[in-house]
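Q: Please take a close look at one part of this structure for me: the helix packing. I am new to it, so go step by step and spell out the terms.

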Amino acid sequence: MQTLESHLAGSWVRGEGAADTLLNPATEEPLATASSAGLDLAGALRFARERGGPALRALTFRERGELLRAMSRAIHAHRDELIGLAIANGGNTRGDAKFDVDGASGTLAAYADLGAELGDLRVLPDGDPVQLGRSPRLAGRHVRVPRRGVAVHVNAFNFPAWGLGEKAAASLLAGVPVLCKPAISTGLVAWRIARILVDEKVLPEGAFSFLAGGPGDLLDHLGAQDVVAFTGSSATGRLIRASRAVVERGARLNVEADSLNVAVLGPDVEADSEVMNQFVGDVVRDMTQKAGQKCTAIRRAYVPEAGLEEAAEMLGERLSAVRVGDPAEEETGMGPLTTAQQFRDVREGIADLASAAQIAWGGPAAPAGKGRGFFVAPTLLVSRTPSPGDRVHQREVFGPVATVVAYDGTAAQAAERAAWGGGGLVASVYSDDREFLEAAVLELAPHHGRIALGSSKVAAQAVPPGTVLPQLVHGGPGRAGGGEELGGRRGLDLYTQRTALQGDRAILDAIAGGR
Ligand code: NAP
């Protein structure tokens, strides 16, 4: 069985003592072990700061972009192998695995392009100069410079490749070294990527470290110049938020957490229209892709009361065509949940949601004929008379589960009911009525980091709402963590210090030109 090593302070090292075991969730066969016990994490962070930081800061944005391009190419060159590992360790179908692996190489490539665009700068100008004195000579302007610490990237189990790639892209382009800590349960893909990057010497020494196994005392050694970019559950997010590294020593923290994402079907949408087809397709894709284990998956689908039963029927019909099974088999449309814990949580969660909604398709019982593996059926619930305290608006069931929720057909009520979820990553709205779309955007935007508008003019080329794009911001307010990642150049903000300069305009411009 494979032992996953960590890459710390320039060497591959193994933890001691009892290790965690990574499984194939379709067969429950053990695949690998990982342990971080006894590893010198303080030394690893110091090495990253002292070796990786200066090496990256010596480069221009263009040169750092070239490193990202090389990372993207290295991952792509091993695409088939990585897809195979994601199928085995993540319960991913081939399509799910591509989404993760290509998401990693694609995001790195997008940030490589941004590096080329920013060119030969080392300092990032932030906005235009402003006149401060009587003459234009005395000016003020803002610049961004790389933080002098290390960026600790703590990732969730569901996107081991993309999580590594999207965080590393922004951090390395900003000039800040990375220590990547993937979730243990699906760490095989991230570990293999780490091995590829290190063995092929894609990055300067110290720019990339990798921790296989638990977080240990990692956070205890972080200080004011360091960054923690966390993706995972709200519960772990709260622990990290309360850590001494953040509260007392001022390490910068970004949290990407749970979300009860919504889809809103406009009152103008006819059952046989292209927009309806887009709505149904997006809900079913989000329920079944990665077995619903996507932070951006639609959990609540708002449908006008008059069309509720018809929409639920259409969704159920589409779900009935999804074959649940071993993702290693080609005809499988949806694989298992990723871990035994997930299996327990999701089945318990379905029963919990059913306290105030009716199961219309699927349910908590395991699908027929599945003796081994963490399989659940895609499950659709219907909430005909919703109220804010319903579990549907409180609990994220992180699996192939969504609830159709009634509303009166006004944008105001859809948004009010969406807000019961406490803040989300993404909302999608489906309509050809411009006034409805505009009203929905204004009402939904304070509660969501991203809004996808589905309409007949773009239905044929739409990017599904569950897909996170490097050009657009990812993150959301409230329970979603209040964080922000990606969004092109905005993604660099987390890793850089914005400093206001005031003085002679000519000097400021030369600094902001930063060669
Ligand atoms: P999790 O249990 O919170 O774990 C996330 C990561 O945190 C893992 O790497 C875990 O490591 C680590 N961790 C646990 N305790 C820690 C501690 N005390 N200090 C530092 N790190 C710690 O979440 P998960 O089950 O992997 O992921 C599912 C959740 O993530 C869902 O709620 C989903 O909505 C959310 N998610 C959000 C986004 C987003 O972008 N907003 C994306 C994906 C997933 P170990 O594996 O070693 O325990």
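A: What follows starts with helix α4, moves on to its partners and the core, and ends with other parts of the chain.

This is a predicted model, in which local features need pLDDT of at least 70, side-chain atom pairs count only at pLDDT 80 or more, and totals for chains, interfaces and linings use all residues. Residues are numbered from 1 along each chain as its sequence is written, and side-chain values use heavy atoms, with hydrogens and water left out.

Helices (H or I, at least four residues) and strands (E, at least two) are DSSP runs, numbered from the N terminus. Two packed helices are described by the angle between their axes and the distance between the axes. Axes are lines fitted to C-alpha atoms, for helices over the stretch in contact, and angles run from 0 to 180 degrees between N-to-C directions.

Start with α4, residues 94-118, and α5, residues 160-174. Their axes lie 7 Å apart, at an angle of about 10 degrees. That makes α4 roughly parallel to α5. The cut-offs are these: under 35 degrees is roughly parallel, over 145 roughly antiparallel, 65 to 115 roughly perpendicular, and the rest oblique.

Contact means heavy atoms within 4.5 Å. On the α4 side, the residues that meet α5 include Asp100, Val101, Leu108 and Tyr111. On the α5 side, they include Pro160, Ala161, Trp162 and Leu173. By class, this contact has 11 nonpolar, 4 polar and 2 charged residues. Here Ala, Val, Leu, Ile, Met, Phe, Trp, Tyr, Cys and Pro count as nonpolar, Asp, Glu, Lys and Arg as charged, and the others, Gly among them, as polar.

Asp100 deserves a stop. It lies in α4. Its relative accessibility is 0%, so Asp100 counts as buried. Buried means under 20% relative accessible area, exposed over 50%, and partly exposed in between, with a 1.4 Å probe and protein chains only. Leaving out residues up to four places away in sequence, Asp100 touches Phe159, Pro160, Ala161, Trp162 and Lys290. Arg489 sits 389 residues from Asp100 along the chain, and their C-alpha atoms are separated by 22 Å.

Just ahead of the helix comes a loop. Thr93 is found there, between α3 (79-90) and α4. Thr93 is buried, with a relative accessible area of 9%. Beyond four places in sequence, Thr93 touches Ile87, Pro327, Thr332, Gly333, Met334 and Gly335.

α4 also packs with α2, residues 61-77. Their axes come within 7 Å and cross at roughly 160 degrees. That makes α2 roughly antiparallel to α4. The contact includes Phe61, Leu68, Met71 and Ile75 of α2, and Val101, Leu108, Tyr111 and Leu118 of α4. Its classes are 12 nonpolar, 4 polar and 3 charged residues. The crossing of α2 and α4 is left-handed. Left-handed means the near helix is turned anticlockwise from the far one by less than a right angle; right-handed means clockwise.

Now the core. In soluble globular proteins, nonpolar side chains tend to be buried together. A nonpolar core is a set of buried Ala, Val, Leu, Ile, Met, Phe, Trp, Tyr and Cys residues joined through side-chain atoms within 4.5 Å. The largest one has 62 residues, and Leu68, Met71 and Tyr111 are among those that touch the most other members. Met71 touches Leu108, Ala168, Leu172, Leu197, Val202 and Leu203, residues up to four places away not counted. Apart from this core lies another, of 32 residues, among them Val324, Ala357, Ala427 and Leu444.

Leu444 leads to another helix. Ala415 touches Leu444 and Glu443, again beyond four places in sequence. Ala415 lies in α12, residues 411-419. At 3% relative accessibility, Ala415 counts as buried. The buried residues of α12 are Ala411, Gln413, Ala414, Ala415, Arg417 and Ala418. They pack against β13 (261-265), β14 (298-304), β17 (401-407), α13 (434-444) and β19 (448-454).

One more pair gives another angle. α9 (residues 274-288) and α10 (residues 308-320) pack at about 50 degrees, axes 10 Å apart. That makes α9 oblique to α10. Their crossing is right-handed. Among the residues meeting here are Val280, Val284 and Met287 of α9, with Met314, Leu315 and Leu319 of α10. The classes are 9 nonpolar, 3 polar and 1 charged.
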